[in-house]
Amino acid sequence: MKSLLPLVFIGPMAAGKSKIGRLVARRLSVPFIDTDKVIAAKHGPIPAIFAAQGEPAFRAYERDAVAEAMRGDAVVSLGGGAVLHPDTRLELAGHTVVLLTVTRDAVAKRLAGSGRPLLDGDDAVERWAAIADTRMPIYEALATETFDTSARPITQIADDIVTWARERS
Ligand SMILES: Nc1ncnc2c1ncn2[C@@H]1O[C@H](COP(=O)(O)OP(=O)(O)OP(=O)(O)O)[C@@H](O)[C@H]1O
Ligand SMILES: O=C(O)C1=C[C@@H](O)[C@@H](O)[C@H](O)C1
Ligand SMILES: [Mg+2]
């Protein structure tokens, strides 16, 4: 028997970690923690942190937010780049880690006005693809299971994940 919780969502920006994570938590009747939201509540909006303090400061806040979130019996959705921190990679080992993926074509309509500092300006989709490609080996190495979110409604994807998670716990 594998313990189901914490159940962690990782994956590229706009893959659906926040939206689907919230639905999965609701279906399992457990708390939901979105580490981007925790960081923003503590330190202010993410674009402002990047602008005033730089990405390394954001990554340090993020590492702390993940470590704290992993202590609870919750569904935890990480920011797209959280897995870049080695402490976070160690933190995830042995837990239920769900990788959400999305194709470049499908993500294009999800990115407009998203408030993601790494995608600011022109060519957001190009930059999204370059970042996603670089990180994919890290995501894949950490993932217990992968679900693609490109072509189906988030409610159905959440149902599939809950079925999968219950079967293996
Ligand atoms: N399966 C889906 N079908 C259509 N739209 C989706 C789907 N999944 C997510 N979206 C939309 O994509 C956008 C981004 O989703 P979400 O915020 O959950 O991504 P994320 O993985 O948490 O991104 P980030 O890494 O930036 O936190 C939202 O507007 C959401 O409604
Ligand atoms: O993929 C990333 O590096 C990021 C994703 C978002 O969730 C936020 O954590 C932030 O915009 C950085
Ligand atoms: Mg999110």
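Visitor: Which residue is the bridge partner of I10 in β4?
Guide: In this predicted model, I10 has L99 as its bridge partner in β4.

Visitor: Why are β1 and β4 said to pair?
Guide: β1 and β4 are joined over four bridges, in the parallel sense. Pairing requires at least two bridges found by DSSP, so the four bridges here satisfy the criterion. Another position along this pair is V8, which stands opposite V97 in β4.

Visitor: What makes β1 and β3 a pair?
Guide: Three bridges link β1 and β3, again in the parallel sense. The criterion is at least two bridges, therefore three are enough. In β3, V76 is the bridge partner of V8.

Visitor: How do you know that β4 and β5 pair?
Guide: Strand β4, residues 96–101, is joined to β5 over four bridges in the parallel sense. With at least two required, β4 and β5 count as paired. V98 stands opposite E145, and L100 stands opposite F147.

Visitor: What is the order of the strands in the open sheet?
Guide: The five strands run in the order β2-β3-β1-β4-β5, with parallel pairing.

Visitor: Why are β2 and β5 called edge strands?
Guide: β2 (32–34) and β5 (145–148) each pair on one side only. A pair needs at least two bridges, so on the other side of each edge strand no strand meets that requirement. Neighbouring strands of the sheet are turned by 20 degrees against each other on average, direction ignored.

Visitor: How do you know that helix α2 packs on the sheet?
Guide: Helix α2 (residues 35–43) touches β2 and β3 (75–77). Its direction makes about 65 degrees with that of β2.

Visitor: Why is β4 called mostly covered?
Guide: Six of the six residues of β4 are buried. Buried means 20 or more other C-beta atoms within 10 Å, so each residue of β4 reaches that count.

Visitor: Which residues point one way from β4, and which the other way?
Guide: T96, V98 and L100 point one way, while V97, L99 and T101 point the other way. In β1, L7 and F9 point one way and V8 and I10 the other way, and all are buried. Side chains alternate between the two faces of the sheet in a regular strand.

Visitor: With which residues is V98 in contact, leaving aside its neighbours within four places in sequence?
Guide: V98 is in contact with L7, V8, F9, A143, T144, E145, F147 and I161. Contact means C-beta atoms within 7 Å, so each of these residues lies within that distance of V98 by C-beta.

Visitor: Which residues have the most contacts inside the largest nonpolar core?
Guide: They are V8, I10, V24 and V98, in a core of 40 residues. Elements giving two or more residues to this core include β1 (7–10), α4 (55–69), β4 and α7 (124–142).

Visitor: How many residues surround ligand 1?
Guide: There are 18, and the closest are G16, K17, S18, K19 and G80. Two or more residues of the shell come from each of α1 (17–28) and α8 (154–168), and α1 gives the most, with three. The shell divides into five nonpolar, seven polar and six charged residues.

Technical notes: Residues are numbered from 1 along each chain as its sequence is written. Chains are lettered from A and ligands numbered from 1 in the order in which they are written. This is a predicted model: local features need pLDDT of at least 70, side-chain atom pairs count only at pLDDT 80 or more; totals for chains, interfaces and linings use all residues. Axes are lines fitted to C-alpha atoms, for helices over the stretch in contact, and angles run from 0 to 180 degrees between N-to-C directions. Two residues are in contact if their C-beta atoms, placed from the backbone, lie within 7 Å. A residue is near a molecule or strand if its C-beta atom, placed from the backbone, lies within 6 Å of it. Ala, Val, Leu, Ile, Met, Phe, Trp, Tyr, Cys and Pro count as nonpolar, Asp, Glu, Lys and Arg as charged, and the others, Gly among them, as polar. A nonpolar core is a set of buried Ala, Val, Leu, Ile, Met, Phe, Trp, Tyr and Cys residues joined through C-beta atoms within 7 Å. A residue is buried if 20 or more other C-beta atoms lie within 10 Å of its own, exposed if 12 or fewer, and partly exposed in between; C-beta atoms are placed from the backbone.
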